[in-house]
Amino acid sequence: MRGRLEMQRPHLDERQWRIALGAEADSWGHGGIAAVARATGAARNTIKRGMEEAAGPSLAPAGRVRAPGGGRKKLEEADPDIVGALDGLVEPESRGDPMTPLRWTTKSTRKLALELTGMGHPVSHAVVAEILKSIGYSLQGTRKRHEGRGHPDRDAQFRHISATAAAFLAAGDPVISVDTKKKELVGPFHQGGREWRHKGEPVEVNAYDFPYLADGKAIPYGVYDLADNSAWVSVGVTSDTAQFAVATIARWWDEMGREKYPDARRLMITADCGGSNGNTVWLWKRELARLAARTGLEITVCHFPPATSKWNKIEHRLFSYISVNWRGQPLTTYETVVSLIASTATTTGLVVRCALDPADYPTGIKLSKKEQEEIPFERDGFHGEWNYKFSSHRPDIE
């Protein structure tokens with residue numbers, strides 16, 4: 001019925017359309033009006049009037065169906081002030097205006113309609129939606145744009161990192177990007193995203209994600225090789241500390257880096273300014289000094305300026321693909337976490353190796369002033385707090 005009527009609609013004027021609706025409803029008998037109303041969205045009164053016109057004497061149209069100026073006026077014409085009143089309620093700054101009645105209220109069309117009605121502009125929520133669209137509003141979410149207070153030398157540091165990395169890569173020396181991925185609870189917990197499954201057979205998980213219900217927490221720390229498009233990920237089980245971070249870098253070198261770069265004498269690390277590999281973490285520096293001495297590598301570290309960690313290559317060349325690979329998959333065991341990370345791949349040839357690191361990394365280790373001064377590293381002339389290196393010719397730090 002709906003398809004049949006929709007085919008006729010473009011060829012009929014208002015009166016003919018009413019008659020067509022009325023005739024269709026009449027042919028259905030009892031319940032016909034309700035059926036036609038559901039199928040077409042037409043008002044019941046319109047359908048009833050069409051039935052009466054269809055049963056009455058034939059009247060030839062008199063040139064136009066509706067008299068000039070006939071029909072219901074748009075609400076904006078009948079109540080010109082409603083547009084301004086509505087615009088004032090939804091104006092973005094109105095939430096910060098202590099005088100607005102909707103300062104702390106979600107601005108749904110129904111709440112806006114109630115508020116307008118209380119202001120003397122009776123209106124339905126459907127008409128509110130139409131008016132909002134007509135004056136240029138649409139439903140929108142937030143957009144991540146603000147990165148925090150930018151450092152004046154942010155761009156200069158980006159250029160410094162780029163130039164340093166280019167020099168390392170040109171010489172055949174490894175450049176790695178490091179960071180910690182978001183910690184995950186291990187157990188039957190909800191994981192964002194969806195996977196193909198038989199209809200009506202979703203994976204059942206816990207209704208709540210309280211930490212005490214978990215079998216532990218997984219802490220993936222990654223090392224991404226920029227030149228080789230490969231990565232190593234260690235999954236920690238205790239804490240994300242500087243010792244854990246450097247242990248993961250050492251594991252990458254022993255398991256992957258040494259074989260890929262047998263002649264390398266230098267290593268460049270790019271990292272953000274926070275977390276276990278932060279530029280102000282002295283334990284991070286001491287552990288890197290020990291790594292340089294053990295491997296014989298001169299290690300150069302360049303930190304991205306504060307509030308720019310998303311530009312670190314590991315974020316969008318490794319971590320994003322790991323998240324896609326385990327979407328909709330509960331991380332029920334540590335073996336599941338390791339297997340899903342290790343199976344991450346891309347069409348550009350990303351290769352990921354992963355292993356569990358069951359070691360206990362204690363938190364709260366503080367280095368004394370004397371211990372800090374004994375760490376053998378050299379600050380760069382340009383922002384030494386972000387750029388520094390560890391010589392491979394210095395003795396081990398005990």
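These questions and answers cover aromatic contacts and strand pairing in a predicted model. Local features need pLDDT of at least 70, side-chain atom pairs count only at pLDDT 80 or more, and totals for chains, interfaces and linings use all residues. Residues are numbered from 1 along each chain as its sequence is written, and side-chain values use heavy atoms, with hydrogens and water left out.

Student: How are the rings of W282 and F377 arranged: stacked, tilted or edge-to-face?
Tutor: Rings of Phe, Tyr and Trp (its six-membered ring) pair if their centres lie within 6.5 Å. Planes under 30 degrees apart count as stacked, over 60 as edge-to-face and the rest as tilted. The centres of W282 and F377 are 6.0 Å apart and the planes stand at 70 degrees, so the pair is edge-to-face.

Student: Is W282 buried, partly exposed or exposed?
Tutor: Buried means under 20% relative accessible area, exposed over 50%, and partly exposed in between (1.4 Å probe, protein chains only). W282 has 26% relative accessibility, so W282 is partly exposed.

Student: Which residue lies over the face of W282?
Tutor: A charge sits over a ring if NZ of Lys or CZ of Arg is within 6 Å of the ring centre and within 35 degrees of the ring normal. At 5.2 Å from the ring centre of W282 lies K285.

Student: How many bridges join β3 to strand β4?
Tutor: Strands (E, at least two residues) are DSSP runs, numbered from the N terminus. Two strands pair if DSSP finds at least two bridges between them. β3 and β4 (residues 230–236) run antiparallel, and P220 stands opposite V235 in β4. The bridge count is 7.

Definitions and conventions: Helix = DSSP H or I, 4+ residues; strand = E, 2+ residues; numbered from the N terminus.
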